[in-house]
Amino acid sequence: MPAPIDYSKLRIVPDFDTAEWWAAAREHKYLVRQCPDCGHKWFPPIFPACARCGSLKPGWFQTAGKGVIHSYVVVVQPIVGAFIGTVPYVVAIIELDDCREAGGSVTRVAGVMLDDEPEVAIGLPCEVVYEETADPRIVMPRWRVSGSAANVWRFNE
Ligand SMILES: [Zn+2]
């Protein structure tokens, strides 16, 4: 497991677009945006309109916080002070299991993995874990590998 993130060096300020998302994270709920008119889902929650139908009243969908690693990168050079002691760590793009739409699109989210690089692979299932920070307003969703899969791929293979 990578060393902890120094959240005291991050300035996270929930704003108009993200305040509800951070409030849900405090309750250990992982939300993505969902259009009430056509059902399309997306992340991050900062876009004010549905890209599929143009609705201007996006709602929320509470996911189960489970998915499959679509891709990942290993960060070895920290560009933010909070991560100086954390490198190397893995940032993954995760396809959420309950956000697959009939048309084939799937909502992907980015997450910092709790697993070290050798345990991470494209195709592995993973799940969200909620990490408390010293700031009671901020609970950070992290991700961890939650099982195995028959066909996986790693960058070093
Ligand atoms: Zn829509």
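Strands here are DSSP runs of at least two residues, numbered from the N terminus. With that in hand, let's walk through this predicted model.

Start with the overall layout. The chain contains one helix and eight strands, and reading along the sequence gives the order α-β-β-β-β-β-β-β-β. The C-alpha trace spans about 45 × 40 × 25 Å along its principal axes. For 157 residues, a compact globule would be expected to have a radius of gyration near 15 Å, and the chain's 16 Å agrees with that. Of those 157 residues, 24% count as buried. As for how the fold is tied together, take the contacts between residues at least 6 apart in sequence: 57% of them join residues at least 24 apart.

Now for the interior. The largest nonpolar core has 24 residues, and the members that touch the most others are Ile-69, Ala-92, Ile-94 and Val-120. Helix H1 (19-26) supplies at least two residues of this core, as do strands S1 (30-34), S4 (66-75), S5 (89-100) and S7 (125-132). Which element gives the most to this core? That is S5, with six residues.

Ala-92 is a good place to look at the core in detail. Setting aside residues up to four places away in sequence, Ala-92 touches Ile-69, Tyr-72, Gly-111, Met-113, Val-120 and Trp-143. Two of the four best-connected core members, Ile-69 and Val-120, are therefore among the partners of Ala-92. 

Next, move to strand S6 (residues 106-112), where Ala-110 is found. Is Ala-110 buried, exposed or partly exposed? Ala-110 has 14 other C-beta atoms within 10 Å. A residue needs 20 or more to be buried and 12 or fewer to be exposed, so Ala-110 counts as partly exposed. Beyond its neighbours within four places in sequence, Ala-110 is in contact with Val-91 and Ile-93. Ser-71 is 39 residues from Ala-110 in sequence, yet their C-alpha atoms are 9.5 Å apart in space.

Finally, follow the chain past strand S8 (139-145) to Ser-148, which lies in the segment after that strand. Why does Ser-148 count as exposed? Because there are 10 other C-beta atoms within 10 Å of its own, and the cut-off for an exposed residue is 12 or fewer. Try measuring across the model from here to Arg-26: the C-alpha atoms of Ser-148 and Arg-26 are separated by 29 Å, with their positions 122 residues apart along the chain.

Terms used. Residues are numbered from 1 along each chain as its sequence is written. This is a predicted model: local features need pLDDT of at least 70, side-chain atom pairs count only at pLDDT 80 or more; totals for chains, interfaces and linings use all residues. Helices (H or I, at least four residues) and strands (E, at least two) are DSSP runs, numbered from the N terminus. Two residues are in contact if their C-beta atoms, placed from the backbone, lie within 7 Å. The radius of gyration is taken over C-alpha atoms; the globule rule is 2.2 Å times the number of residues to the power 0.38. A nonpolar core is a set of buried Ala, Val, Leu, Ile, Met, Phe, Trp, Tyr and Cys residues joined through C-beta atoms within 7 Å.
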